[in-house]
Amino acid sequence: MIVEGIVLRCIRGIYTVHAGAQVLHCTLRGNLKKQFEFTTSTARAQRVTRVRRNVLQDVIAVGDRVRVLVGHHNTGVIQEVLPRRTSFTRAGFRGREHTVVCNIDQVAIVFACAEPNPDLWKLDRFLVAAEAEDLEPIIVANKCDLGDPKPFDEYRPIGYRIHVTSVVLGKGIHELKQLLDERITAFVGPSGVGKSSLLNAIQPGLDLRTADIGHVTHKGRHTTTAAQLIPLRSGGWVADTPGLRQFEFLDLSREEIADCFPEFRDLLGGCRFDDCRHMSEPGCAVKHAVEQGAVSQRRYESYVAMTADLP
Ligand code: GDP
Ligand code: ZN
C-alpha cells in the first residue's frame, strides 16, 4: 500500500513520516539514493564527504511531502518526494550544518503587549525576514491581560493578520489552534513574550527548542540537534528547529528589503529613478506616500534603519 505523508524527522538515514494516523519509520528507495550518489561523484575527492552530507540532506528534508510504500511494523520505503513549496535554509555552527525545513506555511511572530513592551522595530525585522522567505506571517499579540494590543493596530491596514492572545486568560488560544490546523507553522519572536507558554496552552507538554529563540546561549549549543516537526493533536504541525532562533534576514539588498514592505510594493514602480533608494531622490513615490500619510512614517524609518549600511 502506498500512502502520502510528511517527514517529521531525519536521523541517520531513517525518516520518520507522519501519514494520517500512523507514524512510519522509513528508508529511501534505492534509486533515490543512487541519484544522490551520482550527484556527488563529480565532486573533488577531499570534498566528497561534506558534499555528500549536504546533498543527502537536500534529497529529503523535514517537512517534505513523500509517498511511502508501507511495510510491516510501522516501517516503510520512501518512493517519491513531492515538489517543495518553500524551503528554509540556514548555516549552523561554523557554517557546517544546514538546518533545512521545507514547506513551512506560516510564521507566528509572537510579541507581548507588555512585559516586555512590544518593540515594533524588531517586529518589522521579523516581518521582513518572513516576507523574504515567502512565509505568511501571523502577528501574535500575547499577554493582552497585561497591556493593550493597540500598538499592533498599525499593521492592520498593511494587511497583516493580528491575533490577540492571553495564556493567563485563555483568550485567543482556541482561535490560534484553528489557524495552525493543516499547516506547518514556525513560532518566532523575542524571548519572554510567551512562545513556550502559548505552545503549551495549545498542547500541554509540547516542549520545543524554539523556546530558546533569542536567549543568549553558548554558541553552537543546540546547533547539532536536527530540525523536526511536531504534529499537533488538533491538526497541523509546529516546526521545531534551532535554526529558526536566528530568524533574521540575511544578505538582502536594499531593493529586496523595500520589496518586503508590502505597503511599498505598489509604489515602487512610481519613483522617477529606476534605482531610487527612497531616501532623498526627487520624485520618490515612497517618500511622497509617507508625506501624504498613506505609508506610516515609523515603518518608513524602519526601512531606512534596515538599509542604513547598504549601498
Ligand atoms: P518565551 O521565552 O517566549 O518562550 O516565553 P515564556 O513562555 O517562557 O513566557 C515568559 C513569561 O511570561 C513566563 O513567566 C510566562 O508565565 C509569562 N506569560 C506567558 N504568556 C503570558 C500571558 O498571556 N499573560 C501573562 N500575564 N504572562 C504570560
Ligand atoms: Zn523612491
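Which polar backbone atom lies 2.7 Å from an oxygen atom of ligand 1? That atom belongs to Gly-192. Bear in mind that this is a predicted model.

Let me stay with ligand 1. On its own, ligand 1 has 580 Å² of accessible area, and the protein covers 71% of that. Two side chains also reach polar atoms of the ligand. Lys-143 places a side-chain N or O atom 2.9 Å from an oxygen atom of ligand 1. Asn-142 has a polar side-chain atom 3.1 Å from a nitrogen atom of ligand 1.

Now the shell. There are 15 residues around ligand 1. Those that come nearest are Asp-145, Val-167, Gly-192, Ser-196 and Ser-197. By class, the shell has seven polar, five nonpolar and three charged residues. Which helix gives the largest share? Helix α5, residues 195–202, with three residues.

Next, the zinc ion, ligand 2. Its protein donors are three cysteine SG atoms, from Cys-271, Cys-276 and Cys-284, plus ND1 of His-278. They lie 2.1 to 2.4 Å from the zinc ion. Along the chain, the spacing reads C-x4-C-x1-H-x5-C. Why call the site tetrahedral? Because the four donor atoms subtend angles of 103 to 115 degrees around the zinc ion, and the cut-off asks for all angles between 85 and 135 degrees.

Two of these donors deserve a closer look. Cys-271 has a relative accessible area of 8%, so it counts as buried. His-278 is at 6%, so it is buried as well. His-278 sits in the loop between α7 (262–265) and α8 (285–292). Its phi is positive, near 60 degrees, and it is not a glycine. Most residues other than glycine have a negative phi.

There is another positive phi to report. Glu-115, also not a glycine, has a phi of about 50 degrees. Buried or exposed? Glu-115 is exposed, because its relative accessible area is 56% and the threshold is over 50%. The peptide bond that joins Glu-115 to Pro-116 is cis, with omega about 0 degrees. Most peptide bonds are trans. Where is this bond? Glu-115 lies in the loop between β8 and α3, and Pro-116 is found in the loop between β8 (106–112) and α3 (120–132).

Last stop, His-18. This residue is in strand β2, residues 14–19. Its relative accessibility is 18%, so it counts as buried; the limit is under 20%. The side chain of His-18 makes a polar contact of 2.9 Å with the side chain of Trp-237.

How values were computed. Residues are numbered from 1 along each chain as its sequence is written. Chains are lettered from A and ligands numbered from 1 in the order in which they are written. This is a predicted model: local features need pLDDT of at least 70, side-chain atom pairs count only at pLDDT 80 or more; totals for chains, interfaces and linings use all residues. Side-chain values use heavy atoms; hydrogens and water are left out. Donors are N, O and S atoms within 2.8 Å of the metal (3.2 Å for Na, K and Ca); water is not among the atoms, so sites may look incomplete. Four donors count as tetrahedral if all angles lie between 85 and 135 degrees; four count as square planar and six as octahedral if opposite donors are over 155 degrees apart and all others between 65 and 115; anything else is irregular. Buried means under 20% relative accessible area, exposed over 50%, partly exposed in between (1.4 Å probe, protein chains only). A residue is near a molecule or strand if one of its heavy atoms lies within 4 Å of it. A polar contact is a pair of N or O atoms within 3.5 Å; within protein, one must be able to donate a hydrogen and the other to accept it, and residues adjacent in sequence count only if both atoms are side-chain atoms. Accessible areas come from the Shrake-Rupley method with a 1.4 Å probe; for residues, only the protein chains shown count as cover. Helices (H or I, at least four residues) and strands (E, at least two) are DSSP runs, numbered from the N terminus. Ala, Val, Leu, Ile, Met, Phe, Trp, Tyr, Cys and Pro count as nonpolar, Asp, Glu, Lys and Arg as charged, and the others, Gly among them, as polar.
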